[in-house]
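Colleague: I would like to go through the strands of this model and how they pair. Can we start from the structure itself?

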Amino acid sequence: MKKIISGNEAIALGFGDFGGVFASGYPGTPSTETLEEVARLGDVYCEWAPNEKVALESAIGGSIAGGRSLSTMKHVGVNVAADALLTLTYTGVNAGLILMVSDDPGMHSSQNEQDSRNYAKFAKVPMLDPSDSQEAYEMVRAGFEISEQFDTPLMLRTTTRISHAKGVVVQQGKIAPQIGEWVKDVPKYVMLPNFGKLKHIEVEARLLKLQKFAETTPLNRIEMRDTEFGIITSGVSYQHVRESCPNASILKLGMVHPLPTQKIREFAKSVKHLVIVEEMDAIFEEQILAMGINVEIGKNKLPLCGEINADLISAALGGAVAEVTSPVAGLPQRPPVFCPSCAHRGLFTILSKLKVFVSGDIGCYTLGALPPMSAMHSVIDMGASISAAHGMAKVNAIAGRDEKPVAVIGDSTFFHSGMTGLMSMAYNGGNALVIIMDNRTTGMTGGQENPGTGETLQGIPARQVEMVPLVKALGIDNVMELNAYDLKETEAAIKKGLETPGPYVLIDKNPCILRYKIRKSAMIVDQDKCTGCRACLKVACMALGLTATGEKQKVRVDPNVCNGCGICKQTCKFDAMHTLEGENNANL
Ligand SMILES: Cc1ncc(C[n+]2csc(CCOP(=O)(O)OP(=O)(O)O)c2C)c(N)n1
């Protein structure tokens, strides 16, 4: 059967078709849809984990118990799961185990630009790098086979363009899942030093075997054409190379770790100029240079940062570059803002007013760092808001500074890795105000379920973790609830939290408007009362605009965009804003 699907959908389909039994992941662009698609298959078990470490460890358990397992995450998720990965490489697997990781060159939706091929090298595990949906699908099968044949976890890497671009996939025959034995094997699975030492030797030997395999597998193929330029490439870069240099010879690497050194030598000898086209780090290039092979064009002409495209390759090879007209040329810049009637807006309106130092985190609320709010002053990684605020407070105390930092974190991020930071703050006598924006979803990545939503990935009712008892159990005595739609209440609560010595937690429990499809009637502006002072525009809502140009410009509301939260109304000193029914919708 033929389908036109994205790389993520193709991997999910492959998981269903090639004997997949257990899948666990944590959302993160561009990987998220993979697990959602596995859930849609209906007949394969899958679940969201609270973070990537848990996801990978659960998949390890699935593999040990004999089921082909998959763990999905974005590139930075591997940092979280790395502790498990770097020892999993020693234990190896029982049934095949694939760690799917999606990189984001160009940082379309990420906090850094990280090349996961480094992890394959670091963990000494094989990695496959598909260049379209068909390959993504087939590499699930190859991945399970390699994982089982070599007793190793395997990393299946995508990048944004492979994860999200659609292509034709021809489905192959379905392999029914076969669950293997669940055996007790202490030297294999108990990584005490005496077993670990032996396992390390096995890992090095396995790598040599994998390298031999890389020489002959059809995953790595030479396409001989004109011998003027020979290009070594993989993943989406292969597509850009085909587009920009249709006549060039190519060594297309489907298995990007370990490298087929013999094949590379032969290919290099057979062409006049050797070129390496790889996005982000010079992983191939460094290894090929270390083999004593001259690379004429590589990172000397192609960027280390951002995505590579056909024009960049063409320019690097001295070819004619077609003039590119940006599809957005001439359009006004529009920075991202909170959705209309998002509760985060209420919180940041006040944080901005109070001019406190906000130790931020990763989620929709990170938009609070942008103008006009400009009320977030550090964002590092998931969970860092609380631990960093704790460190700031300690140093502030040593320096004799009387300012209490504010940490802002979402529910999904709190469950992911904020809880341990809060526990540390309680344990170590910290002094920060922590605000948990519990919108009952993982909003930033599209509204996924999490342990606080009361539903599983499949939408089945589940045990719901309650935030207040959880925070108290972590050692926090001062826990208050907050309604971020009410600006006065929010300001008072934050001031109280800042004045009270010691850790103080505020929890806003307003649900995500988008995820829960909450619709309220729009505001209207009484044009007779509006003075055009623009105070309301400071809440940065895209539903607000100005009336026609002229001296007496006033504020207007776009009723198709406004969701009637009433935050703007609370900033109006002239009582010019009302809902259509004339009522205040502030408490949604
Ligand atoms: C280690 C890691 N995993 C996943 C992501 C992707 N990601 C960004 S924000 C976020 C969670 C956002 O949810 P929440 O904290 O509840 O805030 P909301 O967006 O709902 O306001 C996720 C999963 C990431 N940036 N880093």
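**Strands and their partners**

Modeller: This is a predicted model. One open sheet has four strands in the order β9-β11-β10-β13, and its pairing is mixed.

Colleague: Which strands stand at the edges of that sheet?

Modeller: An edge strand has a single partner strand, so one side is left without a neighbour in the sheet. That applies to β9 (220–223) and β13 (273–277).

Colleague: Which residue of β13 stands opposite isoleucine 232?

Modeller: Strand β10 (residues 226–234) pairs with β13 in the parallel sense, over five bridges. Opposite isoleucine 232 in β13 stands isoleucine 276.

Colleague: What angle does helix α11 make with β10?

Modeller: Helix α11 (residues 261–270) packs on the sheet and touches β9, β10, β11 (248–253) and β13. Its direction and that of β10 make an angle of about 150°.

Colleague: Turning to β4, are its two faces covered or open?

Modeller: In a regular strand, side chains alternate between the two faces of the sheet. On one side of β4 are Arg68, Leu70, Thr72 and Lys74, and on the other Ser69, Ser71 and Met73. These residues are all buried, so by the criterion of 20 or more other C-beta atoms within 10 Å both faces of β4 count as covered.

Colleague: Which residue is the bridge partner of methionine 73 in β5?

Modeller: β4 joins strand β2 (residues 20–25) in parallel through five bridges, with glycine 20 opposite arginine 68. β4 also pairs in the parallel sense with strand β5 (residues 97–103), over six bridges. There the partner of methionine 73 is valine 101.

Note on methods. Residues are numbered from 1 along each chain as its sequence is written. This is a predicted model: local features need pLDDT of at least 70, side-chain atom pairs count only at pLDDT 80 or more; totals for chains, interfaces and linings use all residues. A residue is buried if 20 or more other C-beta atoms lie within 10 Å of its own, exposed if 12 or fewer, and partly exposed in between; C-beta atoms are placed from the backbone. Two strands pair if DSSP finds at least two bridges between them. Two residues are in contact if their C-beta atoms, placed from the backbone, lie within 7 Å. Axes are lines fitted to C-alpha atoms, for helices over the stretch in contact, and angles run from 0 to 180 degrees between N-to-C directions.
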